[in-house]
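Me: I am new to this structure and would like to go through it slowly, one question at a time. Could you show it first?

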Amino acid sequence: MQCVGDISKEVWQDCLTLFLQTGMCCDAAIITNSPPWLLASYPEGNLFQLTQEEIQVLLVREGREKLFLQGITLAGTKCLLIRDNLYTEGNNTMDLRTKGQSRGSQAVTVVQIESVYLVVVGQKGTEGGPLNLKAFEMAGYIREAIRQHMAHF
């Protein structure tokens, strides 16, 4: 049986390209909670530097409340956890904001899609709410792409 992780890197890259064309975000990645961890990333951004440890902390299921206190690091950038509904049925999103950056903070949204996760960083000035809504909308398109891909196997 095919699994989501078997989808080619090109399909994931196409999904990211589609999202980046919305103009709302400047960086994106698709990650999973098992090797290879990082399935695709925007080559011009920083999320290609996501580490296995950062991904595991981000996606941990137990003890998530400590993430509000400790924050989360993504590709070496410290982030504050604003809202965590990643494992809430029907929502499956998480909102963060980069912190302590001379160039200003940026909204970050993580959306669970089947067994993979879309991580997006908003353009400067993009608020977390609209970014979350756009990421959630794009997750629907990616889910459909996954279903179509699986139907061919």
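Me: Within what distance do the axes of helix α1 and helix α4 come, and at what angle do they cross?

Reply: This is a predicted model, in which local features need pLDDT of at least 70, side-chain atom pairs count only at pLDDT 80 or more, and totals for chains, interfaces and linings use all residues. Residues are numbered from 1 along each chain as its sequence is written, and side-chain values use heavy atoms, with hydrogens and water left out. Helices (H or I, at least four residues) and strands (E, at least two) are DSSP runs numbered from the N terminus, while axes are lines fitted to C-alpha atoms, for helices over the stretch in contact, with angles from 0 to 180 degrees between N-to-C directions. For α1 (residues 9-20) and α4 (residues 128-151), the axes come within 11 Å and cross at roughly 150°.

Me: Which residues of α1 meet α4, and how many residues of each class does the contact have?

Reply: Counting contact as heavy atoms within 4.5 Å, Trp12, Cys15, Leu18 and Phe19 in α1 meet Leu131, Lys134, Ala135, Met138, Ile142 and Ile146 in α4. Ala, Val, Leu, Ile, Met, Phe, Trp, Tyr, Cys and Pro count as nonpolar, Asp, Glu, Lys and Arg as charged, and the others, Gly among them, as polar. By class, the contact of α1 with α4 therefore has nine nonpolar, no polar and one charged residues.

Me: Why is the pair of Tyr87 and Tyr117 edge-to-face?

Reply: Rings of Phe, Tyr and Trp (its six-membered ring) pair if their centres lie within 6.5 Å, and planes under 30 degrees apart count as stacked, over 60 as edge-to-face and the rest as tilted. By this rule there is one aromatic pair. The ring centres of Tyr87 and Tyr117 are 6.5 Å apart and their planes stand at 80°, so the pair is edge-to-face.

Me: Is Tyr117 buried or exposed?

Reply: Buried means under 20% relative accessible area, exposed over 50%, and partly exposed in between (1.4 Å probe, protein chains only). Tyr87, in the loop between β4 (77-85) and β5 (93-98), is partly exposed at 23%. Tyr117, in strand β7 (residues 116-122), has a relative accessible area of 1%, so Tyr117 is buried.

Me: How many disulfides are there?

Reply: A disulfide is a pair of cysteine sulfur atoms within 2.5 Å. For Cys26, the nearest cysteine sulfur, that of Cys25, is 6.8 Å away, and for Cys79, the nearest, that of Cys26, is 12 Å away. By this rule the count of disulfides is zero.
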